[in-house]
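I opened this notebook to keep a record of what I looked up, entry by entry, for someone who has not met the structure before. The entries begin with a detail of the backbone and move outward from there.

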Amino acid sequence: MSENAPETLLRTPLHGRHAALGAKLVPFAGWEMPLQYDSILGESRAVRAGAGVFDVSHMARFWFRGPQVAAELDAALGGCVTDQPLGKARYTMLLQEDGGILDDLITYRTGEEAYFIVVNASNRARDWQTLVSRLAQTDCQDITEDGGGILALQGPQSWEILRQLTGQADLAPGFLDLAWPDSPFGPLFIARTGYTGEHGYEIFVDSVQAGPVWDRLLELGVAPVGLGARDVLRLEAALPLYGHEIHEGITPFDAGLRFAVRGWKTRDFIGAEALRALGEPSRELVGLTAEKRVPREGYPVLADDEQVGEVCSGVYSATLDGPIATAYLRKGCAGPFTASARGKEFPVTRVDLPFVPHRSRD
Amino acid sequence: MRPQDRSYLDSHEWARLDGDVVTIGITDFAVEQLGELVYLELPSAGDSVSRGTSFGEVESVKAVSDVNSPVDGEVVEVNAGLGDELGPLQNTPLEDGWLIKVRVAGPDALAGLIDAAAYEELVAAQS
């Protein structure tokens, strides 16, 4: 979670509110962000039971515009965006020539010749350089630091909360839909997206109105939720995180993310040729549970005293009330499995992913 | 100020000497840094521990951390109150959330450890 001593940490438009709520603030990808307000597990449960709001204004935001933007993005990204409907978001990734994953990202088509892209804060500089170099004829703009706030409203009550916030029902009615409503807080940009597996929205709002929107959400009973709970919730939903389930040494096939490189057999994009040359992956991403100890990132996974894989991410799940983890295991390996915590082995059980069923389309 | 009837370690353990037995625990600052605790691993009675060396692990939602022994000696008791429920460790680590009791060789077992005032300064610097 820590950074190499950045001179000054960036602050989101909601920084003062986090401090006033007594949040534990930590450096994260060059930003000072709330790790937790009170309890990581309590905040996780609040999202699954009702609704929570996360400040994700640290996420990097780029605009790409021009007559060649769709064709150029199609060649630059793993996913197809030329057929992406106006008013829809799509999940895809940025690949290396060899098919390894540089980052995952969401593209939002806001016009015939305009795409908005949100990428991981930790990869902002590299993604920006990579995209700019691949988009020779497109106007590129990094608006991360003056792009206002992003508030992720997540949980089964988020539909009702959004209605009360905006005064309008049924905004962005379908999963990955976009909406541009006027609201008591001025114009908002809303995407039916999120990182928890719950029904939810990401609300893009200017710096001036970010605070008032946040205050209103809390008034409506929404729980403030920090990055700690965000990690618990995304892992329960088995949503990948760069640096863990996905990175340069992993292909979309290893990660079970074929849908993010739709059309890879025939389309021409950076990394496509390498993907077509790959055989069946030799490893698979699996879920693990354990009795008491959390299988942590980097712990070897063993079967019959032989290492067959390694843990990518591990947390204590608030919803399951027990440890959960993801790991890449050699394919076709039968258990029983153990994980090794600094030389001490303990049993782990392979389970299907996700740990908690997705309700994002409900 | 934390209790002055005991000594502290830079790595946030405490040790209190009663006769030839030292009670060992972790401080409230350590617990606060770890967050919500989910698992604890301790040695058994009869095991030996040595100063500056890990004798157990405490695991929170966020991280796993070693617990270091402030003394050399033999474990004579493990806190049975932490067997199923880590509440006492989470809430009152300086009292009934103690971890183990260790029999030590002599009354100078805690020599070289820091006192409450020095520990306060250390915590202030890390807060």
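Entry one. I started with A:Leu176, which sits in the loop between α5 and β10 of chain A, and I kept in mind that I was reading a predicted model. The phi of A:Leu176 is positive, about 75°, although this residue is not a glycine. I noted this because most residues other than glycine have a negative phi. I then asked how many other C-beta atoms lie within 10 Å of A:Leu176. I found 19, so A:Leu176 is partly exposed, given that a residue needs 20 or more to be called buried.

Entry two. I stayed in the loop between α5 and β10 (178–179) of chain A, where A:Ala172 is also found. A:Ala172 has a positive phi of about 45° and is not a glycine either. Is A:Ala172 buried or exposed? I counted A:Ala172 as buried, because it has 22 C-beta neighbours inside 10 Å.

Entry three. I went back along the chain to helix α5 itself, residues 158–166 of chain A, and listed its buried residues as A:Ser158, A:Trp159, A:Ile161, A:Leu162, A:Leu165 and A:Thr166. They cover an arc of only 165° around the axis, and therefore lie on the same side of α5(A). I next looked up what these buried residues pack against, and found β9 (149–154), β12 (200–205) and α6 (207–219) of chain A. Just after α5(A) I came to A:Gly167, which has a positive phi of about 75°.

Entry four. I turned to cis peptide bonds, bearing in mind that most peptide bonds are trans. One cis bond joins A:Gly335 and A:Pro336, with omega at about 0°, and A:Pro336 belongs to the loop between β17 (322–330) and β18 (337–341) of chain A. Another joins A:Leu353 and A:Pro354, where omega is about -5°, and A:Pro354 lies in the segment after β19 (344–351) of chain A.

Entry five. I finished with chain A as a whole, which has eight helices and 19 strands. Its C-alpha atoms fill a box of roughly 60 × 45 × 45 Å along the principal axes. For 362 residues a compact globule would have a radius of gyration near 21 Å, and the 20 Å of chain A agrees with that. Of the 362 residues in chain A, 48% are buried. Among contacts with a separation of 6 or more in chain A, I noted that 67% are between residues 24 or more positions apart.

How values were computed. Residues are numbered from 1 along each chain as its sequence is written. Chains are lettered from A and ligands numbered from 1 in the order in which they are written. This is a predicted model: local features need pLDDT of at least 70, side-chain atom pairs count only at pLDDT 80 or more; totals for chains, interfaces and linings use all residues. A residue is buried if 20 or more other C-beta atoms lie within 10 Å of its own, exposed if 12 or fewer, and partly exposed in between; C-beta atoms are placed from the backbone. Helices (H or I, at least four residues) and strands (E, at least two) are DSSP runs, numbered from the N terminus. The arc is that of the directions from the helix axis to the C-beta atoms. Two residues are in contact if their C-beta atoms, placed from the backbone, lie within 7 Å. The radius of gyration is taken over C-alpha atoms; the globule rule is 2.2 Å times the number of residues to the power 0.38.
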